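Please work through the following exercises with the sequence and the model side by side, trying each task before reading its solution.

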Amino acid sequence: MKINYQQLVHEITLSSIIDELTACDPANYSIKEIQRLRKKYSAEFVSLALHIAESRNRSNRKFPDSEKLCFTPELLEQATAHPVAMHRAELLSGFGKILDLGCAAGGDLTRFALAGSQVIGLERDELPAALAHQNLAQLGLSGEVINAEFPCELPDFDVLFADPQ
């Protein structure tokens with residue numbers, strides 16, 4: 001069965017469960033709590049919520065607005081830290097619309113938007129693309145995230161950004 005990550009990430013209850021889980025130490029998630037969630041939600045839903053909550057508890061070292069952002073542990077590890085991402089974003093602001101090629105969960109993408117740039121993220125994997133879209137929305141930022149593999153048809157852009165990591 002194919003998981004619809006876009007729908008899963010945008011479920012309103014996911015946000016409240018993540019907030020609830022983030023308040024706990026991930027090492028202390030009780031089996032009873034996980035079983036309670038599993039009675040109400042799918043295994044994929046609970047697994048994603050646990051991974052995002054775990055990452056949110058660690059992401060404050062990388063992002064000052066971490067309480068609003070959604071990453072999996074792997075995507076958080078790959079994300080550029082806020083000071084570096086903001087420095088790059090400020091350097092590129094004013095050059096026009098930025099296409100972030102391989103935007104993952106949107107660490108750089110959200111920083112470009114915070115610096116005032118119009119942004120487009122391109123991500124081939126569905127879950128990171130859904131998280132990038134959610135992260136823009138959680139920060140009240142506008143931008144487009146396209147879930148496709150490059151090369152593909154893209155809207156017009158002025159700057160192509162590809163993080164070498």
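A residue is called buried when its relative accessible area is under 20%, exposed when that area is over 50%, and partly exposed in between, with a 1.4 Å probe and protein chains only. The model is predicted, so local features need pLDDT of at least 70 and side-chain atom pairs count only at pLDDT 80 or more, whereas totals for chains, interfaces and linings use all residues. Residues are numbered from 1 along each chain as its sequence is written, and side-chain values use heavy atoms, with hydrogens and water left out.

**Exercise 1. Describe the overall make-up of the protein chain.**

Step 1. Helices (H or I, at least four residues) and strands (E, at least two) are taken as DSSP runs and numbered from the N terminus; on this basis the protein chain has 8 helices and 4 strands.

Step 2. Read from the N terminus, the order of these elements is α-α-α-α-α-α-β-α-β-α-β-β.

Step 3. Of the 165 residues in the protein chain, 42% are buried.

Step 4. A contact means heavy atoms within 4.5 Å; among the contacts with a separation of 6 or more, 59% are between residues 24 or more positions apart.

**Exercise 2. Classify two of the aromatic pairs and state whether their rings are buried or exposed.**

Step 1. Rings of Phe, Tyr and Trp (its six-membered ring) pair if their centres lie within 6.5 Å, and planes under 30 degrees apart count as stacked, over 60 as edge-to-face and the rest as tilted. The structure contains 3 aromatic pairs.

Step 2. Tyr 41 and Phe 45 form a stacked pair, because their ring centres are 4.7 Å apart and their planes lie at 25°. Phe 45 is buried, since its relative accessibility is 4%.

Step 3. Phe 112 and Phe 161 have ring centres 5.0 Å apart and planes at 80°, and therefore the pair is edge-to-face. This pair links distant parts of the chain, with Phe 112 in helix H7 (residues 107-114) and Phe 161 in strand E4 (residues 159-161), 49 residues apart.

Step 4. Phe 112 is buried at a relative accessible area of 0%, and Phe 161, at 8% relative accessibility, also counts as buried.

**Exercise 3. Work out how the strands pair and which helices connect them.**

Step 1. Two strands pair if DSSP finds at least two bridges between them. Strand E1 (98-101) and E2 pair in the parallel sense over 4 bridges, with Ile 98 standing opposite Val 119 in E2.

Step 2. Strand E2 (residues 119-123) is also paired with strand E3 (residues 144-147), again in the parallel sense and over 4 bridges; here Ile 120 stands opposite Glu 144 in E3.

Step 3. E1 and E4 run parallel and are joined by 3 bridges, and the bridge partner of Leu 99 in E4 is Leu 160.

Step 4. A crossover is right-handed if, with the strands pointing away from the viewer, the path from the first strand over the helix to the second runs clockwise. E1, H7 and E2 make a right-handed β-α-β unit, and E2, helix H8 (residues 126-138) and E3 make a right-handed β-α-β unit as well.

**Exercise 4. Compare the surroundings of helices H6 and H7.**

Step 1. In helix H6 (residues 82-92) the buried residues are Ala 85, Met 86 and Ala 89. They span an arc of only 100° around the axis, so they lie on the same side of H6, the arc being that of the directions from the helix axis to the C-beta atoms.

Step 2. The face of H6 turned away from this buried side carries the exposed residues Pro 83 and Leu 91.

Step 3. H7 is mostly covered, with 7 of its 8 residues buried, including Asp 108, Leu 109 and Arg 111. The buried residues of H7 pack against H6, E1, E2, H8, E3 and E4.

Step 4. Each helix is followed by a glycine with positive phi: Gly 94 after H6, near 95°, and Gly 116 after H7, near 100°.

**Exercise 5. Locate the largest nonpolar core and identify what supplies it.**

Step 1. A nonpolar core is a set of buried Ala, Val, Leu, Ile, Met, Phe, Trp, Tyr and Cys residues joined through side-chain atoms within 4.5 Å. In soluble globular proteins, nonpolar side chains tend to be buried together.

Step 2. The largest such core has 40 residues, and those with the most contacts inside it are Ile 17, Leu 21, Phe 71, Leu 109, Leu 131, Leu 136 and Val 145.

Step 3. Helix H2 (12-22), helix H4 (43-59), helix H5 (73-78), H7, H8 and E4 each supply at least two residues of this core, and H4 gives the largest share, 7 residues.

Step 4. Leaving aside residues up to four places away in sequence, the residues that Leu 109 touches include Val 119, Ile 120, Leu 136 and Val 145.
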